[in-house]
Amino acid sequence: MKNFDLAIVGAGPIGLFAADFAHLHGLNTIIFDSLNEVGGQPNLLYPFKQISDIPVFESITGSDLIKNLHNNIKNKVTIKTNHRVEKIDKNPEGFNIDDSYQVKTIIIATGTGSFKPKKFPLKATETINKRINYYIKDPALFKNQTVGIFGGGDSALDWAIELSKYANIKLIHRRKEFRGLESSVQKLKNLHNVEILTPYLPKSIESNSDQLTINLKEVGGDKILTQNFNQIIVAYGFRADNRLVKKWGIDLIGSHIIVNQEMKTNIDGIYAIGDAIDYPGRVPVIGLGFGEAQIAITAIMRQLFPEKTLTIHSTSI
Ligand SMILES: Cc1cc2nc3c(=O)[nH]c(=O)nc-3n(C[C@H](O)[C@H](O)[C@H](O)COP(=O)(O)OP(=O)(O)OC[C@H]3O[C@@H](n4cnc5c(N)ncnc54)[C@H](O)[C@@H]3O)c2cc1C
């Protein structure tokens with residue numbers, strides 16, 4: 001059994017910052033994420049977008065923000081990716097997590113829950129699946145290829161704009177109107193290497209040597225378009241699941257965790273921060289979550305070391 005002062009469940013931006021702040025205060029900390037990499041929403045949903053409301057940075061991409069937060073905790077905090085926390089059992093020393101970790105306190109930073117991409121709706125063989133992408137880490141890998149992007153929201157439009165710097169793009173959506181920003185749609189319409197195919201849905205798929213052939217069926221009509229792609233990107237969104245939190249005995253309001261002013265949940269020793277929580281006036285932004293992390297860690301220090309006079313400022317730690 002491995003022992004820690006603090007376990008953080010969820011390595012999105014808020015969990016990562018909480019881990020850094022916990023380390024600064026000398027807490028022996030472990031952080032879990034169910035995915036195979038850290039970073040939560042900025043890493044998965046908008047890595048290339050410029051974020052302009054993070055304190056100190058004039059603007060920073062989602063991916064660079066996560067790189068910085070991750071670098072700050074490497075070799076200081078135990079990071080467990082590919083580990084979805086399933087079970088939390090209370091005991092006299094604190095909590096047991098998944099029968100493998102004994103911790104004194106817990107911070108839940110699960111955001112909107114563990115993510116799973118909504119799948120491409122056609123049956124695919126292993127060969128076909130190799131050309132279907134749900135996350136993009138390096139757009140340069142698509143250089144000089146023909147890429148089909150399926151979806152009509154901001155993510156689909158963002159991927160199309162970013163990848164058009166490297167590849168020929170065909171953007172396929174089931175409606176004539178896109179859900180994402182109109183300015184992005186206009187930008188795409190002006191790019192010579194972007195073709196917008198609406199209103200179409202994928203009907204059948206097969207693979208031939210180095211490409212996929214997909215038949216697209218017109219929505220509300222009979223037209224069939226046969227298109228070839230080297231790769232496709234599915235941007236139909238993600239399903240998030242926060243049901244586990246309920247199983248741990250934590251009180252929710254709707255799908256969000258209820259906390260007090262110190263970020264404590266109804267269970268003594270379990271705190272929650274970031275998009276996982278809600279209270280009157282809360283807005284789901286990163287800067288606010290960073291502040292909640294500081295409140296929670298300060299409360300945890302007071303809980304674990306009631307005899308100590310707490311050092312508040314990092315300049316004095
Ligand atoms: C398109 C878009 C643009 C945005 N733009 C901005 C912006 O400009 N500025 C801004 O401030 N905010 C922005 N946001 C909001 C911001 O991304 C969120 O507020 C922020 O990501 C919340 O961080 P979090 O760490 O609380 O949760 P998340 O980022 O959701 O991370 C939660 C993590 O917990 C993990 N997890 C969940 N359940 C478990 C489990 N049981 N075990 C282990 N791990 C688990 C998940 O895999 C995930 O990695 C934007 C959001 C979107 C979708």
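1. Start at the seam between the two domains: across the interface of domain 1 and domain 2 there is one salt bridge. Keep in mind while reading that this is a predicted model. Which residues make a salt bridge with N and O atoms 2.8 Å apart? They are K49 and D158, and that distance is for their closest N and O atoms.

2. Now for the domains themselves. The domain assignment puts residues 2-116 together with 238-316 in domain 1, while domain 2 covers 119-234. If you take the centres over C-alpha atoms, domain 1 and domain 2 sit 35 Å apart.

3. Back to how they meet. On the domain 1 side nine residues make contact, and on the domain 2 side ten do. About 800 Å² is buried between the two domains, with 59% of that on carbon and sulfur atoms. Within domain 1, the residues that lose the most area to domain 2 are L44, F48 and K49, which together account for 57% of what that side buries. K49 is worth a second look here, as it also forms the salt bridge with D158.

4. How many salt bridges does the model have by this rule? The count comes to ten. One to look up is K104 with D5, whose closest N and O atoms are 3.1 Å apart. That pair ties together distant parts of the chain: K104 belongs to strand β8 (residues 101-108) and D5 to strand β1 (residues 2-9), with their positions 99 residues apart.

5. Next, the largest pocket, which holds about 620 Å³ of space. Its lining is made up of 43 residues, and those nearest the centre are G12, Q41, A109, T110 and G111. Sorted by class, the lining has 20 nonpolar, 17 polar and six charged residues.

6. Where does the lining of the largest pocket come from? Helices α1 (13-24), α2 (40-45), α7 (243-247) and α8 (286-304) each give at least two residues, and so do strands β3 (50-51) and β9 (114-117).

7. Two backbone details deserve a check by eye. Most residues other than glycine have a negative phi, and most peptide bonds are trans. V56, which is not a glycine, has a positive phi near 85°; you'll find V56 in the loop between β3 and β4 (60-61). The peptide bond from T198 to P199 is cis, with omega near -15°, and P199 lies in the loop between β13 (194-197) and β14 (200-208).

Key: Residues numbered from 1 in each chain as written. Predicted model: local features only at pLDDT ≥ 70, side-chain atom pairs only at ≥ 80, totals over all residues. Heavy atoms only, no water. 1 Å grid on protein atoms, 1.4 Å probe; cavity = no way out; pocket = protein on both sides within 12 Å on 5 of 7 lines; lining within 4 Å. Points joined across faces, edges and corners; volume = space filled by probe spheres on them. Helix = DSSP H or I, 4+ residues; strand = E, 2+ residues; numbered from the N terminus. Nonpolar A, V, L, I, M, F, W, Y, C, P; charged D, E, K, R; others polar. Domains from an automatic or database assignment. Contact = heavy atoms within 4.5 Å. Buried area = accessible area lost by both parts, 1.4 Å probe. Salt bridge = Lys/Arg side-chain N within 4 Å of Asp/Glu carboxyl O.
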